[in-house]
Amino acid sequence: MKKHQWSLRLVGMTLSAFLLAAGSGPLSAVHSEDKAAPNTAVKIDNFSFAPGSITIAAGATVTWTNNDDVPHVVSSDDKSFRSKALDTDDRFSYTFTKPGTYTYYCAIHPKMTAKVVVQ
Amino acid sequence: MPRFIRDNQDKDGIDRRGFLRCMAWAGTGALWVMEGGILKSFSLSALAKNPTAAAQGQLSFVQISDSHMGFNKAANPDVVATLQAAVAKINALPQTPAFMLHTGDITHLSKPSEFDTVDQVLKDAKPKTIFYVPGEHDVLEDDGKQYLERYGKGTKGNGWYSFDQKGVHFIGLVNVVDLKAGGLGTLGEDQIKWLEDDVRHLKPSTPIIVFAHIPLWSVYPDWGWGTDDSARALGYFKRFGSVTVLNGHIHQVMQKVEGNITFHTAQSTAFPQPAPGTAPSPGPMTVPAERLRSVLGIADVNFIRGRHTLAVTDSTLA
């Protein structure tokens, strides 16, 4: 996890250095940097999402894995993504292409809430 | 004779405090009789020796819940066998129940084969009529379309309905569809409006039995054990003399009396769940195999007309 944060920071630093140099440079250049964004894992354990909040770069994929003995359904509040029922050890992946804050919850245990911040 | 058990003399791993805590949720085979809003309890063994009128009520039905067909984890690798044991228990009751209520989580993953298996097992039960309400596990993939196709004939909305039996008005409610982030169970505007209309024509003396999957009272909101808009719905019952609410979802027996309303939750036929706040999460609780059937069960309900008396008997599968 630490490693991910560090490499994210590196990407951020590289990006800002690049943007400073290029001024309002072409957006396509930013996108090519984003492809390097690390994919991130979220675990579902004991009726909670861990980590409860993650920050990723646009273009990164988040993969949820259900470690509980009961199914969970990963569902965004704005219905932009929704998994099938994830039984034990099932996974669900979603690639976030647009920056923003995505709050999500378990559609059958709605007390379970978390968020993905896409930069 | 010592007044206290100081430590675990039987070396069975269960001390007195642990035992009492267990029995609080396990369901001890007690008979609860509600008279004028006051709960009285009798032990089942005493009843067997000296049966009261309550045990031979004018209307008798049985509640089963949370059969979770398809579940196969350590907490119960064979949920078919325990559902069959529940059917055997029902068939052995001294008075054949008029019908059964299944208060949801019929299946674990909403699979057609899981629904089929439950239907097959329940065919062996003596009561041939079964009234259902869905649990959240029955409406996983399609907002409950499959559930409605199988069990929703003649129901409204997501599957709510009412019917009358021997002067008792029964209301089946659905609080597991379209759940909101951060919230609890939800009845929703349409259903609450329907409910208001449904009870409007009833006399205050009409006994009412409401059944739904998630408890309609705040059992433990931290674990989602409650229904956000239940207070509004329950408001329509204030003018009635006898209202009983039967729920499932929490896989343990809990009861509460609030004014004219008695709340009761049934055990699961599949696996137990921990008492509120006693575990990191409400997930399935694994008990030693030989104890499993003592924490699963059915609820047998008897009603005596004219006395506003409702008796709920929780029996384990042991």
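Which residue in β9(B) does B:Phe211 stand opposite? I will start there, because a single pair of residues gives us a way into the larger of the topics for today, and I should say at once that what you see above is a predicted model. The residue opposite B:Phe211 is B:Leu246 in β9(B). Strand β8 of chain B, residues 208-211, and strand β9 of chain B, residues 243-247, run parallel and are joined by 4 bridges.Those two strands belong to a wider arrangement, an open sheet of 6 strands in chain B, in the order β6-β7-β8-β9-β11-β10, with mixed pairing. At its edges lie β6 (161-165) and β10 (254-258) of chain B, each of which pairs on one side only. On average, neighbouring strands of this sheet are turned by 15° against each other, with direction ignored.

Let me look at each edge in turn. On the β6 side we find B:Phe163, which has its place in that strand of chain B. Is B:Phe163 buried or exposed? It counts as exposed, since there are 12 C-beta neighbours inside 10 Å of B:Phe163. If you want a sense of distance within the chain, B:Phe163 and B:Asn72 are 91 residues apart in sequence, and their C-alpha atoms are 35 Å apart in space.

At the other edge, β10(B) pairs with strand β11 of chain B, residues 261-265, in the antiparallel sense and over 5 bridges. In this pairing B:Glu258 stands opposite B:Ile261 in β11(B). The two strands form a hairpin with 2 residues between them, and B:Gly259 in the turn has a positive phi of about 60°.

That brings me to backbone angles. Most residues other than glycine have a negative phi, and most peptide bonds are trans. Against that background, B:His249, in the loop between β9 and β10 of chain B, has a phi near 75°, a positive value in a residue other than glycine. B:His249 is buried, with 30 other C-beta atoms within 10 Å. A positive phi, of about 55°, is also found in B:Asp143, again not a glycine, and this residue sits in the loop between β5 (130-132) and α5 (145-151) of chain B. For B:Asp143 there are 13 other C-beta atoms within 10 Å, so it is partly exposed. In chain A, the peptide bond from A:Ala50 to A:Pro51 is cis, with omega near -5°, and A:Pro51 lies in the loop between β2 (48-50) and β3 (53-56) of that chain.

Now to the helices of chain B. How are α3(B) and α4(B) placed with respect to each other? Helix α3 of chain B, residues 79-91, and helix α4 of chain B, residues 112-122, pack at an angle of about 30°, with their axes 9 Å apart. With angles under 35 degrees counted as roughly parallel, α3(B) and α4(B) are therefore roughly parallel to each other. Their crossing is right-handed. From α3(B), the residues B:Val80, B:Leu83, B:Gln84 and B:Val87 meet B:Thr117, B:Val118, B:Val121 and B:Leu122 in α4(B). Sorted by class, this contact has 6 nonpolar, 2 polar and no charged residues.

Stepping back to chain B as a whole, the secondary structure comes to 7 helices and 13 strands. Of the 318 residues of chain B, 47% count as buried. Among its contacts between residues at least 6 apart in sequence, 70% join residues at least 24 apart.

Chain A has 2 helices and 8 strands, and along the sequence these follow the pattern α-α-β-β-β-β-β-β-β-β. Buried residues make up 28% of the 119 residues in chain A. Of the contacts in chain A with a separation of 6 or more, 47% are between residues 24 or more positions apart.

Within chain A, I would point you to strand β7, residues 100-106, which is joined by 3 bridges to strand β5, residues 74-76, the two running antiparallel. Here the bridge partner of A:Ser75 is A:Tyr105 in β7(A). β7(A) is also joined, by 6 bridges and again antiparallel, to strand β8 of chain A, residues 113-118, and there A:Tyr102 has A:Val116 as its bridge partner. β7(A) and β8(A) form a hairpin with 6 residues between them.

Finally, how many residues does the contact take from chain A and from chain B? There are 20 residues from chain A and 18 residues from chain B. On the side of chain A that touches chain B, the classes are 9 nonpolar, 5 polar and 6 charged residues.

Terms used
Residues numbered from 1 in each chain as written. Chains lettered and ligands numbered in written order. Predicted model: local features only at pLDDT ≥ 70, side-chain atom pairs only at ≥ 80, totals over all residues. Pairing = 2+ DSSP bridges. Axes fitted to C-alpha atoms, helices over the stretch in contact; angles between N-to-C directions. Contact = placed C-beta atoms within 7 Å. Nonpolar A, V, L, I, M, F, W, Y, C, P; charged D, E, K, R; others polar. Parallel < 35°, antiparallel > 145°, perpendicular 65-115°, else oblique. Left-handed = near helix turned anticlockwise from the far one by under 90°. Buried ≥ 20, exposed ≤ 12 C-beta atoms within 10 Å, placed from the backbone.
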